[in-house]
Amino acid sequence: LGAERPVIAGHSLGAYIACRLAAHHPERVASLVLVDGGLPPGADPTILLGPVVARLRMEFPDRDAYRAWWAAHPALGDGDVDPEMLRAYADYDLCGEAPRLRSSVRPEVVSVDGDDVLRARDAGELACEAVTLHAPRGLDGRPPPMQPADVVAAWVAGAPDRRRAVAVPDCNHYTIAMGRPGAATVAEEIAAAVAAGAR
């Protein structure tokens, strides 16, 4: 798109990848918006990724079955996520042929590459400005959070002139990006980062 130093935003694993990019190629990144990811997680990565990898190994007979699985997910059952958006999300993720449809994300890649970036310390090596948005609840819609408050505070304290944290209330790891209030906060932070870079 012709942007040499864009604002990079990432949610979950995308936030860790954004930190890796900024740490290794600082000349390509203006600033970061990290959405419930990027910092050391609140649990051992192998434990954290276990339920995710289990889902990736599942097969579904048709699209409706996969949509129903997501609709019943404990982190998404409170009605905060637009049903049409959740449907589009599920359809985009699905691949294969019925009756053996599955997620397009390969579990072995998550197990290896996901563990690698979750254990990395790229967030502590950032030279650019960055903001982290963190949810009070985790992957299953309950505490503990993906990004514990003490980890967030320590990260900000490491470079308070360049780092900032925003606690997004009443959301979990999914609804911070997919729910209406959470997504609005994420959009506001991205817009603010872009505006700051334009000045």
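Angles between N-to-C directions are classed as follows: those under 35 degrees count as roughly parallel, those over 145 as roughly antiparallel, those from 65 to 115 as roughly perpendicular, and the rest as oblique. The views below show a predicted model.

**Figure 1. Helix 3 and helix 4 cross obliquely.** Helix 3 is formed by residues 63-71 and helix 4 by residues 83-93. Their axes come within 9 Å and cross at roughly 125 degrees. Since this angle lies outside the ranges for roughly parallel, roughly perpendicular and roughly antiparallel pairs, the two helices are therefore oblique to each other. The crossing of helix 3 and helix 4 is right-handed. Helix 3 contributes Arg63, Tyr66, Arg67, Trp70 and Ala71 to the contact, and helix 4 contributes Leu86, Arg87, Tyr89, Ala90, Asp91 and Asp93. Sorted by class, this contact of helix 3 with helix 4 holds 6 nonpolar and 5 charged residues, with no polar residues.

**Figure 2. The chain is shown as a whole.** The chain contains 8 helices and 6 strands. Read from the N terminus, its elements follow the order β-α-β-α-α-α-β-β-α-β-α-β-α-α. The radius of gyration is 17 Å, close to the 16 Å that the globule rule gives for 199 residues, so the chain is as compact as a globular protein of that length. Along its principal axes, the C-alpha trace spans about 50 × 40 × 30 Å.

**Figure 3. Four strands form an open sheet with parallel pairing.** The strand order in this sheet is 1-2-5-6. Strand 1 (7-11) and strand 6 (163-167) are the edge strands, each of which pairs on one side only. From one strand to the next, the twist averages 15 degrees. In general, the strands of a sheet pair through backbone hydrogen bonds, in either a parallel or an antiparallel manner.

**Figure 4. Strand 5 pairs with strand 6, and helix 8 packs on the sheet.** Strand 5, comprising residues 129-134, pairs with strand 6 in the parallel sense over 5 bridges. Within this pair, valine 131 stands opposite arginine 164 of strand 6. Helix 8 (residues 180-198) touches strand 1, strand 2 (31-35), strand 5 and strand 6. The direction of helix 8 makes about 175 degrees with that of strand 2.

**Figure 5. Helix 2 passes helix 5 in a right-handed crossing.** Helix 2 covers residues 45-56 and helix 5 covers residues 107-119. Their axes come within 10 Å and cross at roughly 155 degrees. That angle makes helix 2 roughly antiparallel to helix 5. On the side of helix 2, the contact is made by Pro45, Thr46, Leu48, Leu49, Val53 and Leu56. These residues meet Pro107, Val110, Ser111, Gly114, Asp115, Leu118 and Arg119 in helix 5. The contact of helix 2 with helix 5 comprises 8 nonpolar, 3 polar and 2 charged residues.

**Figure 6. Helix 1 meets helix 5 in a left-handed crossing.** The axes of helix 1 (residues 13-24) and helix 5 come within 9 Å and cross at roughly 65 degrees. Leu13, Tyr16 and Arg20 of helix 1 are in contact with Gly114, Asp116, Val117 and Leu118 of helix 5. By class, the contact of helix 1 with helix 5 consists of 4 nonpolar, 1 polar and 2 charged residues. Gly114 and Leu118 of helix 5 also take part in the contact with helix 2.

**Figure 7. Three loops contain backbone features of note.** Most residues other than glycine have a negative phi, and most peptide bonds are trans. Which residue has a positive phi although it is not a glycine? Serine 12 does, with a phi of about 60 degrees, and serine 12 is found in the loop between strand 1 and helix 1. The peptide bond from alanine 98 to proline 99 is cis, its omega being near 5 degrees. Proline 99 belongs to the loop between strand 3 (94-95) and strand 4 (102-103). A cis peptide bond also leads from proline 143 to proline 144, with omega near 5 degrees. Proline 144 is located in the loop between strand 5 and helix 6 (149-157).

Definitions and conventions: Residues are numbered from 1 along each chain as its sequence is written. This is a predicted model: local features need pLDDT of at least 70, side-chain atom pairs count only at pLDDT 80 or more; totals for chains, interfaces and linings use all residues. Side-chain values use heavy atoms; hydrogens and water are left out. Two strands pair if DSSP finds at least two bridges between them. Axes are lines fitted to C-alpha atoms, for helices over the stretch in contact, and angles run from 0 to 180 degrees between N-to-C directions. Contact means heavy atoms within 4.5 Å. A crossing is left-handed if the near helix is turned anticlockwise from the far one by less than a right angle, and right-handed if clockwise. Ala, Val, Leu, Ile, Met, Phe, Trp, Tyr, Cys and Pro count as nonpolar, Asp, Glu, Lys and Arg as charged, and the others, Gly among them, as polar. The radius of gyration is taken over C-alpha atoms; the globule rule is 2.2 Å times the number of residues to the power 0.38.
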